[in-house]
Amino acid sequence: MTETVLISVRLPGPIAEAANAAAVSRNISRSKLLRIAIERFIDDLSGSSEQDRRRQFSSEYTFLALDLIVQREYPEVHTELLTEAERRMEAFHGGA
């Protein structure tokens, strides 16, 4: 196990009670519950949470599927659509 560091925090009563109840219902210590919560929060801040990864995967899959459909069914407009998407990326986001 990695070395741990003791950090004391003060929580409002209702949050402390909710944390205690959640720890008891999951049969884990309050410390473990708070470690899990902090880890998830840090993951969310960095954009690497499980939910973020799922959203990124779904987005990529949707874009790939749509691109494949356009390539096969509407090849005459495929390049035009890519060019317009690149133009909009530049206009709205400052670069492709």
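Which helix holds H78? H78 is found in helix α4, which covers residues 75–93. The model described here is predicted.

**H78 and its neighbours**

Start with how covered this histidine is. H78 has a relative accessible area of 14%. The cut-off for buried is under 20%, so H78 counts as buried. Its side chain still has a polar partner. The side chains of H78 and D67 are joined by a polar contact of 2.7 Å. D67 also appears among the residues that H78 touches. The others are V70 and Q71. That list leaves out residues up to four places away in sequence.

**Salt bridges in helix α4**

Helix α4 also carries charged pairs. How many salt bridges does the structure hold? There are two. Side chains of opposite charge can pair when their charged atoms come close. One bridge joins E84 to R87. Another joins the side chains of E84 and R88. E84 therefore takes part in a network of salt bridges with R87 and R88.

The table sets out each pair.

| Pair | N to O distance | Spacing in helix α4 |
|---|---|---|
| E84 and R87 | 2.7 Å | three residues apart |
| E84 and R88 | 2.9 Å | four residues apart |

The spacing fits the helix. From E84 to R87 is about one turn of the helix. From E84 to R88 is also about one turn.

Are these residues buried or exposed? E84 sits in between, at 29% relative accessibility, so it counts as partly exposed. R87 is partly exposed as well, at 46%. R88 has a relative accessible area of 46% and is partly exposed too.

**A nonpolar patch on the surface**

Now turn to another part of the chain. Ten names make up a nonpolar surface patch here: V5, I7, V9, L11, I15, L34, I38, F41, I42 and L45. The patch measures about 1,000 Å² by computation. Which helix gives the largest share of the nonpolar patch? Helix α2, residues 30–46, supplies five residues.

L11 is one of the patch residues. Where is L11 found? L11 lies in the segment before α1, a helix that spans 13–26. L11 has 40% relative accessibility, so it counts as partly exposed.

**In brief**

Helix α4 holds the buried H78, whose side chain meets that of D67 in a polar contact. The same helix α4 carries E84, R87 and R88, linked in a network of salt bridges. The nonpolar patch draws its largest share from helix α2.

Definitions and conventions: Residues numbered from 1 in each chain as written. Predicted model: local features only at pLDDT ≥ 70, side-chain atom pairs only at ≥ 80, totals over all residues. Heavy atoms only, no water. Helix = DSSP H or I, 4+ residues; strand = E, 2+ residues; numbered from the N terminus. Buried < 20%, exposed > 50% of the residue type's maximum accessible area, 1.4 Å probe, protein only. Polar contact = N/O pair within 3.5 Å; in protein donor to acceptor, adjacent residues only side chain to side chain. Contact = heavy atoms within 4.5 Å. Patch = residues over 30% accessible without salt bridge, like charges linked within 9 Å, V, L, I, M, F, W, Y side chains within 5 Å. Areas by Shrake-Rupley, 256 points an atom, 1.4 Å probe, with all protein chains shown as cover.
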